[in-house]
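Reader: Please look closely at one part of this model, the place where neighbouring segments pack against each other, and take me through it in one connected account. I would like each term to come with its cut-off.

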Amino acid sequence: SPALAPVIGGLLTELAGWRWIMFGLSAVALAAIAPVLRRLPQAAPAPAGRPRMAEGYGRLLRNRRFLAAATAMTFSSGALYVFLGSAPFLLEGVYRMTPRETGLCLLLVACASIAGTRLVGRAQRHVDPLMLGTGMGLAAMAALSALSGAGNPPLALLLGPIVLLGAAAGFTGPSAIAHILASERSLEGTATSLAGAVQM
């Protein structure tokens with residue numbers, strides 16, 4: 001859905017205006033409610049001896065492995081979302097692209113992110129994918145910083161580091177979650193929810 005959403009949104013914007021994106025999202029959300037309510041099991045009671053939430057958060061916030069992985073995931077996705085949030089203004093305002101063309105550019109970035117997630121398993125045989133993804137993200141940000149000082153670079157030159165940033169997020173996300181899950185035994189759910197909250 002993240003790959004197709006910008007393309008569909010661009011088409012809806014061109015055909016009917018941006019407000020139809022909200023109507024479309026509402027229709028999809030309503031259509032998703034029924035199967036989720038039917039298939040989602042009731043939550044099991046918490047096991048005895050589990051630490052209280054504040055204690056669990058305290059343990060996680062003192063855990064270096066959790067902090068490193070959550071920080072890498074937060075900055076990786078944050079850098080990508082800064083671009084994605086500003087992309088319509090940049091691509092349509094500066095590069096004079098249509099909403100449909102903007103959606104296709106964002107599809108390219110989403111495909112790079114999907115490719116990154118698909119390559120994590122292969123990469124981990126040779127290198128820590130979290131370190132690789134973080135390095136890729138830093139390289140993309142350095143390239144974008146250099147390009148920003150040069151005015152408005154050609155679109156292909158701008159999209160190269162952005163696609164690399166998408167791939168970096170693809171590497172970083174799943175590998176960071178693996179580190180987060182393994183950081184504190186018996187606090188896996190608390191760790192992922194805290195990392196997700198920090199990421200947002």
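Author: A residue counts as buried under 20% relative accessible area, as exposed over 50% and as partly exposed in between, with a 1.4 Å probe and protein chains only. This is a predicted model, in which local features need pLDDT of at least 70 and side-chain atom pairs pLDDT 80 or more, while totals for chains, interfaces and linings use all residues. Residues are numbered from 1 along each chain as its sequence is written, and side-chain values rest on heavy atoms, without hydrogens and water.

The part I have chosen is helix H5, which runs over residues 99-123, together with the helices that pack on it. (Helices are DSSP runs of H or I with at least four residues, strands are runs of E with at least two, and both are numbered from the N terminus.)

Just ahead of H5, Arg-96 sits in the loop that joins H4 to H5. Its phi is near 55°, a positive value in a residue other than glycine, and Arg-96 counts as exposed because its relative accessibility is 65%. Gly-93, by contrast in setting, belongs to helix H4, and Gly-93 counts as partly exposed because its relative accessible area is 33%. The C-alpha atom of Gly-93 is separated by 35 Å from that of Ala-176, which is 83 residues away along the chain.

Helix H4, spanning residues 64-94, packs on H5 at an angle of about 155°, with the two axes 9 Å apart; axes are lines fitted to C-alpha atoms, for helices over the stretch in contact, and angles run from 0 to 180 degrees between N-to-C directions. H4 and H5 are therefore roughly antiparallel to each other, a label for angles over 145 degrees, as against under 35 for roughly parallel, 65 to 115 for roughly perpendicular and oblique for the rest. On the H4 side the contact (heavy atoms within 4.5 Å) involves Leu-80, Phe-83, Leu-84, Ala-87, Pro-88, Leu-91 and Glu-92, and these meet Pro-99, Thr-102, Cys-105, Leu-106 and Val-109 of H5. By residue class this H4 and H5 contact divides into 10 nonpolar, one polar and one charged, where Ala, Val, Leu, Ile, Met, Phe, Trp, Tyr, Cys and Pro are nonpolar, Asp, Glu, Lys and Arg are charged, and the others, Gly among them, are polar.

Helix H1, residues 5-16, also packs on H5: their axes come within 7 Å and cross at roughly 180°, which means that H1 is roughly antiparallel to H5. From H1 the contact takes Pro-6, Val-7, Gly-10, Leu-11, Thr-13 and Glu-14, and from H5 it takes Pro-99, Arg-100, Gly-103, Leu-104, Leu-106 and Leu-107. Here the residues divide into seven nonpolar, three polar and two charged.

Finally, the cysteines deserve a word, since a disulfide is a covalent bond between the sulfur atoms of two cysteines. The structure holds zero disulfides, the criterion being a pair of cysteine sulfur atoms within 2.5 Å. For Cys-105, which is in no disulfide, the nearest cysteine sulfur is that of Cys-111, 12 Å away. Cys-105 counts as buried because its relative accessibility is 10%. Cys-111 is likewise in no disulfide, with the sulfur of Cys-105 as its nearest, 12 Å away, and Cys-111 counts as partly exposed because its relative accessibility is 39%.
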